Amino acid sequence: MKAILALADGRVFHGRAFGAGGEITGEVVFNTSMTGYQEILTDPSYCGEIVTMTYPQIGNYGINLEDVESARPFLSAFVVKEVCEFPSNWRSKMSLDAYLKENGVIGIQGIDTRALVRHIRDKGAQTGIVSTIDLDPESLVAKARRAPSIVGRDLVREVTCSKPYHWSEGPWQLGQGYLGAEQAPRYKVVAYDFGIKRNILRNLVAKGCDVTVVPADTPAEDVLAMNPDGVFLSNGPGDPEPITYAQENIRKILGKKPVFGICLGHQLLSLALGGTTYKLKFGHRGGNQPVQRGEDRRVEITAQNHGFAVDGASIQNDAIQTHTNLNDNTVEGLEHKLLPAFSVQYHPEASPGPHDAAYLFDKFTAMMDRHKQECAE
Ligand SMILES: NC(=O)CC[C@H](N)C(=O)O
């Protein structure tokens with residue numbers, strides 16, 4: 001079956017449908033990870049986005065029931081050069097095609113993804129449409145132009161949990177699957193779910209945290225009433241600016257409890273501090289982004305997935321820029337000058353991606369230890 005991907009600026013790509021049929025709009029972005037398509041499909045941060053994989057063949061190891069980062073895929077559509085029809089892996093339970101069909105996600109293959117990515121890099125990420133129903137390029141471009149932009153929309157409400165829940169699953173081990181907590185938890189953490197990835201929760205459990213996940217709009221008063229040792233701000237989709245309720249809650253928690261933010265959490269923390277964010281030309285998505293830690297100039301290869309960034313100058317009175325992206329010098333990490341709060345724009349939990357930044361979870365527990373001690377004195 002034929003399918004078309006059309007961009008708002010008029011560029012059109014013809015391909016073949018896989019997964020579910022239909023029509024959907026979204027911000028067209030690309031991810032440079034060579035593996036990890038399951039984790040990418042189920043990362044709620046991709047809500048509202050049409051994701052293109054730069055790796056040319058996707059689906060080789062099929063779909064298993066373990067490598068998921070949330071309950072289901074949240075992205076709008078999936079764009080690939082070639083889908084592997086005969087997956088091979090001992091954990092595989094079904095093909096990528098069958099998985100996308102089951103979850104109602106539209107796929108398009110046979111696309112010259114190199115040409116598409118070069119176009120996005122030159123012209124910028126923009127709204128697009130994928131359709132298996134309407135195959136008229138002009139009509140599709142017109143629909144893409146009319147579709148809402150990702151800027152200014154609250155997508156967090158579409159992915160956050162509806163009620164609080166407790167998380168106790170730890171990291172995965174070969175032959176054993178996901179482990180439980182190895183030790184009695186030493187820290188009580190409340191994690192704001194703006195679209196949280198499970199591997200963040202697993203990393204927190206591995207470091208001795210007892211984690212309660214709460215909906216994105218949970219009032220700060222309710223979180224503080226739980227008396228946690230620390231508050232975690234998760235990743236999540238879309239533009240951080242319209243998520244004003246989260247910024248207000250973070251402002252009320254700052255200084256009272258240690259705070260650690262990742263990706264959208266980092267952007268929301270910066271906005272809560274009075275900083276500003278802006279949309280990057282085409283974002284950072286992949287498992288090979290070089291980031292330098294200012295303190296000792298150590299370079300980490302990081303996993304990333306974001307289209308917005310923090311303006312460093314806007315927060316320099318309150319926070320130190322701890323990490324910098326070596327590709328484009330954008331802000332990758334912050335630490336408050338006086339209060340126990342820090343955040344990174346990238347994904348230390350990886351999944352998929354390199355584990356160079358896993359030390360940040362220890363930084364959070366060390367911060368909670370220090371704060372506990374200071375409160376006891
Ligand atoms: N992974 C994330 O949390 C992404 C943050 C935000 N949605 C962005 O695109 O910049």
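Begin by colouring the chain of this predicted model according to its domain assignment, which gives domain 1 as residues 2-146 and domain 2 as residues 156-376. If you place a marker at the centre of each domain, taken over C-alpha atoms, the two markers are separated by 27 Å.

Next, select the residues through which the domains meet: 23 residues of domain 1 are in contact with 26 residues of domain 2. On the side of domain 1 that touches domain 2, the elements that give two or more residues are strand E3 (23-31) and helix H3 (113-123), and of the elements on that side E3 gives the most, with 4 residues. Colouring this side of domain 1 by residue class shows 8 nonpolar, 9 polar and 6 charged residues.

Now move to residues 277-293, which make up strand E17, and add residues 319-325, which make up strand E19; the two strands run antiparallel and are joined by 3 bridges. To see one point of this pairing, select Val291 together with Asn325, its bridge partner in E19.

Keep E19 in view and add strand E20, residues 331-336, which runs antiparallel to E19 and is joined to it by 5 bridges. Here Thr324 can be selected with Val331, its bridge partner in E20.

Finally, follow the chain from E19 into E20, where the two strands form a hairpin with 5 residues between them. Which residue in the turn has a positive phi? Selecting Asn329 gives the answer, since its phi is about 60°.

Note on methods. Residues are numbered from 1 along each chain as its sequence is written. This is a predicted model: local features need pLDDT of at least 70, side-chain atom pairs count only at pLDDT 80 or more; totals for chains, interfaces and linings use all residues. Two strands pair if DSSP finds at least two bridges between them. Domain bounds come from an automatic or database domain assignment. Two residues are in contact if their C-beta atoms, placed from the backbone, lie within 7 Å. Ala, Val, Leu, Ile, Met, Phe, Trp, Tyr, Cys and Pro count as nonpolar, Asp, Glu, Lys and Arg as charged, and the others, Gly among them, as polar.
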